[in-house]
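Reader: I would like a close look at one part of this model, the surroundings of the ligand. Please take the contacts one at a time and then place them in the fold.

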Amino acid sequence: MIVRPPQTPEEFERYRDLRWKILRAPHNQPRITEEDDAGNNDFPIMVCKVDGIPIGVGRAHFITEDEAQIRSISVEPECEGKGIGTIVLKELEKIVTAKGAKRIIIHARNNAIEFYEKNGYHSVEESYTLFEVIPHTLMEKKI
Ligand SMILES: CC(C)(COP(=O)(O)OP(=O)(O)OC[C@H]1O[C@@H](n2cnc3c(N)ncnc32)[C@H](O)[C@@H]1OP(=O)(O)O)[C@@H](O)C(=O)NCCC(=O)NCCS
């Protein structure tokens, strides 16, 4: 597997497309644009079997100097259950840890809580409900 940030405009387009397809399209939400990302404080990652074509994506940003948030992890449905989500998560953890994160938080969709628990996160409290139908739970891992 190739694990790296998207670099070209085409790669960013594919990265955002996968995120949109998995997380937003099923809820009739509009496409994600560049403005939805966190600018310089945004660390996007894609996992590719064929270089440049993501089958898993995710991103991280810093909330404070030592606290980072990981978000939007999305895996192509036909590639689920093969460790791709874990590769995305571990790579994002590696990036933010190298940059000084001491605590990582995730507002996890409740359907993904077990995935994050298997990767060392635990639930802190109930979080928001997205699009009025997707409950989230705040999870954390202390480094
Ligand atoms: C959640 C998601 C990212 C997991 O990615 P994945 O590549 O399928 O996960 P992995 O194969 O790395 O799974 C790692 C472990 O978590 C478990 N797991 C993964 N998704 C799970 C789920 N939804 N419920 C329960 N367990 C899950 C796997 O069974 C595996 O367990 P094992 O180590 O005992 O075999 C992926 O299913 C996905 O994109 N879901 C839709 C979008 C989404 O909800 N994203 C989360 C946003 S917060």
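Author: What follows is a description of the ligand site, working outward from the contacts to the elements around them. The model is predicted, and each value below is to be read with that in mind. The space that the ligand takes up is the largest pocket, and 20 residues surround the ligand there, the closest being E80, G81, G83, G85 and T86.

Among the polar contacts, one involves G85, where a backbone N or O atom lies 2.7 Å from an oxygen atom of the ligand. A second is made at N111, whose backbone offers a polar atom 3.0 Å from a nitrogen atom of the ligand. At K118 the side chain takes part instead, with an N or O atom 2.9 Å from a ligand oxygen atom. As for the surface covered, the ligand taken alone exposes 910 Å², and the protein buries 71% of that area.

Turning to the fold, the elements that contribute two or more residues to the shell around the ligand are helix 1 (9-24), strand 4 (67-75), helix 2 (84-98), strand 5 (103-109) and helix 3 (113-118). Helix 3 gives the most to this shell, with four residues. By residue type, the shell divides into nine nonpolar, six polar and five charged residues, so that description by class completes the picture drawn by the contacts at G85, N111 and K118.

Definitions and conventions: Residues numbered from 1 in each chain as written. Predicted model: local features only at pLDDT ≥ 70, side-chain atom pairs only at ≥ 80, totals over all residues. Heavy atoms only, no water. Near = heavy atom within 4 Å. Polar contact = N/O pair within 3.5 Å; in protein donor to acceptor, adjacent residues only side chain to side chain. Areas by Shrake-Rupley, 256 points an atom, 1.4 Å probe, with all protein chains shown as cover. 1 Å grid on protein atoms, 1.4 Å probe; cavity = no way out; pocket = protein on both sides within 12 Å on 5 of 7 lines; lining within 4 Å. Sits in = over half its atoms within 2 Å of the grid points. Nonpolar A, V, L, I, M, F, W, Y, C, P; charged D, E, K, R; others polar.
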